[in-house]
Protein chains: 2
Amino acid sequence: MSTVYNFNAGPSTLPRDVMEIARDEFLNYDNLGYSIMEASHRSPEFQNVIDTAEKNIRSLLNISDDYSVLFLQGGASTQFSMVPVNLLSTTQTADYAQTGAWSEKAIKEAQRCGSVKIVASSKDSNYNHIPEIESWDPTENNGYLHITSNNTIFGTQFHQFPKCSPESPLIADMSSDILSRKLDINEFGLIYAGAQKNLGPSGVTVVIINKNLLGRIPKNLPAMLDYNTHIKSTSLYNTPPTFAIYIIMLTTNWIIKNGGLANIEEVNNKKAQLLYDKIDTGDFYSCPVEKASRSKMNVCFRLPSEELEATFLKSAKDEGMIGLKGHRSVGGTRASIYNAMPLDGVQFLVDFMSNFEKKNG
Amino acid sequence: MSTVYNFNAGPSTLPRDVMEIARDEFLNYDNLGYSIMEASHRSPEFQNVIDTAEKNIRSLLNISDDYSVLFLQGGASTQFSMVPVNLLSTTQTADYAQTGAWSEKAIKEAQRCGSVKIVASSKDSNYNHIPEIESWDPTENNGYLHITSNNTIFGTQFHQFPKCSPESPLIADMSSDILSRKLDINEFGLIYAGAQKNLGPSGVTVVIINKNLLGRIPKNLPAMLDYNTHIKSTSLYNTPPTFAIYIIMLTTNWIIKNGGLANIEEVNNKKAQLLYDKIDTGDFYSCPVEKASRSKMNVCFRLPSEELEATFLKSAKDEGMIGLKGHRSVGGTRASIYNAMPLDGVQFLVDFMSNFEKKNG
């Protein structure tokens, strides 16, 4: 078997070092004679795993004790409901930026719970940019402002964030770019992220929440939907997805070992630059996204025709590059280049793109 | 490393064959060059995994097309809310049998949603038995009747089920004994089970629901809490816990290969018999559970003193047997002997118990 580069949008490639450690100790964790998958969630060995995963995330993002860090289930899709159910009072409006399919879903779920205002939207231009923050029209005294920091399907990303306040905090779905760059956590009231891009496997969701929001939570919510439940029991109210949390521990260990977010961001910048430079050189490839809004995680691009795109995907697969098809809702091609995609993989893709253009351009 | 027998109550031991397959193909699933953990949930390879897992469960339990089989997140704790939110109308009462800590939690969540009646309880005798079904006091035209088929903490299990009707169906939390014995699925309206005992790792919940219940589901539920969402999208509304579902596929493959539920039940009966016979012989060991209600999954037993129990647990660990401590809420000792615990493991424990009694009796 030759090397395969996996450009899937998520679940996606994980660091090779992480996968090898997980494989090597799969049957015998820490010389205990059984897998961490078979350990009780109340055992000291698993407690150490979840503590380390939390400590790593706190360390990487410089998170103070003002925030809780939780490991939940249900993905961002569950957070779409949990955020308004917990944090939006009946007397306030929640502001949402509409920047793609995931924000549309977040908006739809919030609308079931209360008053919602769409304060910015790029829907009319098929989500090809993040609306300039200066142009937004926020509600006075809004309950919160919700954004999707990176849009996997349309290939856009926030490169700066709206300024908010403790009373009207910023809430971000960071499923597809958490831990891909440095961040001032204090600009956010709540961040949530499905793990299956930069953190680990699918099946676990990281939530980082400022404790100053907890006073908003109504009484008598279903226990599993109530952030307080999980904060009080430090993510161990019920059996958590132990193996997925273990992989998060390994992945965050790997980020720390590789220089932390400063280095990860530098490498991610290089990878994105390399690929966008290739796309922008000549007119064979094109990127539908405005330059200022381009994602460094999901690079969407088109070829001159759909026929060529189909040939491109087939040839790429033959060369060992998979997951390059654009999302079924938009078509085209897309390279997801999360943390775990090495620079070599992007260089390999870029070289392939050059050759493909020569043959077909 | 010598063999370790893992008697954890969950997450718990998984079949050695399953773990070896998962380890062997951890980095390279089906010769694709990447892990199934790194595959897209929309890929043909993962579709085949989830289809096979569903087909296996349908085959093992002989489930007709009248039922949907779902793979969800959030554990039984989320089902405690989803069941009443989806299925209990404002004009009906839900009946609950109170047989342990998990049923208490299920009752508490249902009480947040509507009218609940406890139709049977063994709380006064510290949950040492399942109340005789003939003595139950059901509500006329109840919305449904909810039971917990096996109680991990107290070591009790239903060995027969109450007869219900399509209008007032039986709903069962089978987290700790699903696929451990033959079952007539048609006696149930809905079954749910966290995977982390007999099915796979924590982080995925199997729900089997009769489609005749779908008409009850109110409009405008949060999408993730609505059974219809998951049925319509065949458990792929959002990114499912792909690796956990893959392990369910392997575990159910293993059950089928080993003779299906008829054989599994026979082995489970032997294991339980062996252990209860040891406990009942002499008066060194004792079982707090009434004979007719004893669980074949979680065998709770006591020694003459708490000091001896502490010594027992330490010695057992030295001999390679872990997870034998009773639940923190009840103390004592407990051997969880789910499907994946081989007869040899129970024999090893029983031999150890005999020797321990000789030394300390």
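Helices in this report are DSSP runs of type H or I with at least four residues, strands are DSSP runs of type E with at least two, and both are numbered from the N terminus. The structure is a predicted model, in which local features need pLDDT of at least 70 and side-chain atom pairs count only at pLDDT 80 or more, while totals for chains, interfaces and linings use all residues. Residues are numbered from 1 along each chain as its sequence is written, and chains are lettered from A and ligands numbered from 1 in the order in which they are written.

**The two chains**

A turn of 180 degrees with a shift of 0.0 Å along the axis lays chain A on chain B with an RMSD of 0.0 Å. The two copies are therefore related as by a two-fold rotation axis. This superposition is by least squares on the C-alpha atoms of residues with pLDDT of at least 70 in both copies.

Contact between residues means that their C-beta atoms, placed from the backbone, lie within 7 Å. Chain A brings 51 residues to the contact, and chain B brings 51 residues. On the side of chain A that touches chain B, at least two residues each come from helix 1 (16-24), helix 3 (75-87), helix 4 (101-113) and helix 6 (242-257) of chain A. Helix 3 of chain A gives the most to this side, with 4 residues. Sorted by class, the side of chain A that touches chain B holds 20 nonpolar, 27 polar and 4 charged residues. The classes count Ala, Val, Leu, Ile, Met, Phe, Trp, Tyr, Cys and Pro as nonpolar, Asp, Glu, Lys and Arg as charged, and the others, Gly among them, as polar. Because 100% of the interface residues of chain A are also interface residues in chain B, the copies meet through the same surface.

**Domains of chain A**

Chain A is divided into domain 1 (17-257) and domain 2 (260-360), with bounds from an automatic or database domain assignment. Taken over C-alpha atoms, the centres of these two domains of chain A are 27 Å apart. In domain 1 of chain A, 23 residues are in contact with 23 residues of domain 2 of chain A. Strand 6 (150-151), strand 7 (156-157) and helix 6 of chain A are the elements that give two or more residues to the side of domain 1 that touches domain 2. That side of domain 1 of chain A comprises 8 nonpolar, 11 polar and 4 charged residues.

**Helix 6 in both chains**

A residue is called buried if 20 or more other C-beta atoms lie within 10 Å of its own, exposed if 12 or fewer do, and partly exposed in between, with C-beta atoms placed from the backbone. The expected span of a helix is 1.5 Å times one less than its number of residues.

| Helix | Span, first to last C-alpha | Expected span | Buried residues | Phi of the glycine after the helix |
|---|---|---|---|---|
| Helix 6 of chain A | 23 Å | 22 Å | 12 of 16 | A:Gly259, positive, about 95 degrees |
| Helix 6 of chain B | 23 Å | 22 Å | 12 of 16 | B:Gly259, positive, near 100 degrees |

Among the buried residues of helix 6 of chain A are A:Phe243, A:Ile247, A:Leu250 and A:Ile255. The buried residues of this helix pack against helix 1, helix 2 (44-61), strand 2 (67-72) and helix 7 (260-280) of chain A. In chain B, the buried residues of helix 6 include B:Tyr246, B:Met249 and B:Thr252. Their packing partners are helix 1 (16-24), helix 2 (44-61), strand 2 (67-72) and helix 7 (260-280) of chain B.

**Strands 11 and 13 of chain A**

Strands pair if DSSP finds at least two bridges between them. Strand 11 (residues 298-301) of chain A runs antiparallel to strand 13 (residues 333-336) of chain A, and 4 bridges join them. A:Asn298 has A:Ser336 as its bridge partner in strand 13, and A:Cys300 stands opposite A:Arg334.

Strand 11 of chain A is covered on both faces, with A:Asn298 and A:Cys300 buried on one side and A:Val299 and A:Phe301 buried on the other. Strand 13 of chain A is likewise covered on both faces: A:Thr333 and A:Ala335 are buried on one side, A:Arg334 and A:Ser336 on the other.

**A loop residue of chain A**

A:Val330 lies in the loop between strand 12 (321-322) and strand 13 of chain A. A:Val330 counts as partly exposed because it has 17 C-beta neighbours inside 10 Å. Neighbours within four places in sequence aside, A:Val330 is in contact with A:Ile153 and A:Phe154. Between the C-alpha atoms of A:Val330 and A:Glu187, which are 143 residues apart along the chain, the separation is 32 Å.

Notes:
Contact = placed C-beta atoms within 7 Å.
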